[in-house]
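Hello,

Here is the structure I promised to pass on to you. Have a look at it first, and then read on for what turned up.

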Amino acid sequence: MPQNPNTPSLAQRLTAWHAAQQRDLPWRAAPAGQRDAYTVWVSEIMAQQTRISTVIDYFNRWMERFPTLASLAAADQQEVLKLWEGLGYYSRARNLHRAAQVVAKEYRGVVPDSRAELLKLPGIGAYTAGAILSLAYGQAEPILDGNVKRVLARLWDMERSIDETETTRELWRLAEEIVRAAPAGKAGAVNEGIMELGGLVCTPQNPRCLLCPLADLCQAAQNGTQSQRPVRTPRKPTPHYQVAAAVIWEEAPFQGRLLIAQRPQDGMLGGLWEFPGGKQEPEDADLPATLRREIQEEMTVEIAVGAPVTTVQHAYTHFSITLHAFHARIVSGTPQAIGCDDWCWTTLDTLDAYPFPVTDQKIIAVLRSGI
Ligand code: SF4
């Protein structure tokens, strides 16, 4: 006889399943609930919006360089961004770095063990706070990420979109109810168990209900609606932009050192370096005109635009771009950092010292290949 999901049973089953099935990952050296808070924090921030298989190498490199919160707090931001290079969502790295400095200074280097204090730190929201509190400090505090939302929406066969505020509130309430029902000392295991179940069994497509420890408690499985859950609110189509970037050479015709610019700290990809340029506007006659206008506005110099270097496609969360890179050189003026935080001349060999977005790394690869 099918049962309705009841939270004590869910918590029991998740605890047992987690003990038997959890993946062996580098940040799981200690049992869930007894881990080092800094380690939990770094791994959870890295894992947001990123595949676990990608996170592993980044995590290992990070912990080798910044094994403690104190070592991260003392680091230069450029080194922090360099280690994050390629992971995307760079505000995560900047916030982690700033928050480590706050913890080092104001909390004597000890990651706070209260939700209210954690939420004051840059980059820590309700999810990360719940992860730190349950996985490091063993507290029965809920977490709600994409995996947990999907599992809960299926367990309760929710017909409303999980993108609605009211549904989110309900999901938090259920997540809290489940973790509060955890056996003694197992709050971390229950939270990690439900996330892990979402990652391995209750996957977005083709959930493996036959292998699921919660199958007889799951309303969607009973109703045959798993593939229709969770209900999502359709997203608006994301806009696409044509963007131009200038590989500005110091010497004529196009040789010598290269000019790179640092993006403003508070904007997208803040603190990273790039080949300067910008979005094509309707009034620009063509892409070289876009570049001449952008470089004049950003750096107050006039450039001559030469042959194309390469074209790169890239999708961000809310828009996508086609980035057209061109060789260029300055024909009048001295660069000034007006629309950027800084600029410098560098060589192809020394570019690796600077953190670049993925798009600019592709331009660098083409430049190095000599095409
Ligand atoms: S029974 Fe299927 S749909 Fe329900 S939680 Fe398990 S895997 Fe997900």
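**Around the ligand**

Please keep in mind that this is a predicted model. The ligand is surrounded by 15 residues, and the closest of them are Cys202, Cys209, Cys212, Cys218 and Ala221. Two helices, α9 (146-155) and α12 (219-223), each contribute at least two residues to this shell. The largest share comes from α9, with 3 residues. As for the chemistry of the shell, 12 of its residues are nonpolar, 1 is polar and 2 are charged.

**A helix pair**

You may also like the packing of α2 (residues 37-47) and α3 (residues 52-65): their axes come within 9 Å and cross at roughly 140°. Because angles over 145 degrees would count as roughly antiparallel, this crossing makes α2 oblique to α3. The crossing is right-handed. On the α2 side, Val42, Ser43, Met46 and Ala47 take part, and they meet Ile52, Val55, Tyr58, Phe59 and Trp62 of α3. By class, that contact has 8 nonpolar residues, 1 polar residue and no charged ones.

**Two domains**

The domain assignment gives domain 1 (7-228) and domain 2 (240-369). Their C-alpha centres lie 37 Å apart. Where they touch, 9 residues of domain 1 are in contact with 7 residues of domain 2. On the domain 1 side, α5 (77-84) and α6 (91-106) each supply at least two residues, and α5 gives the most, with 4 residues. That side of domain 1 has 2 nonpolar, 4 polar and 3 charged residues.

Enjoy exploring, and best wishes!

Notes
Residues numbered from 1 in each chain as written. Predicted model: local features only at pLDDT ≥ 70, side-chain atom pairs only at ≥ 80, totals over all residues. Near = placed C-beta within 6 Å. Nonpolar A, V, L, I, M, F, W, Y, C, P; charged D, E, K, R; others polar. Axes fitted to C-alpha atoms, helices over the stretch in contact; angles between N-to-C directions. Parallel < 35°, antiparallel > 145°, perpendicular 65-115°, else oblique. Left-handed = near helix turned anticlockwise from the far one by under 90°. Contact = placed C-beta atoms within 7 Å. Domains from an automatic or database assignment.
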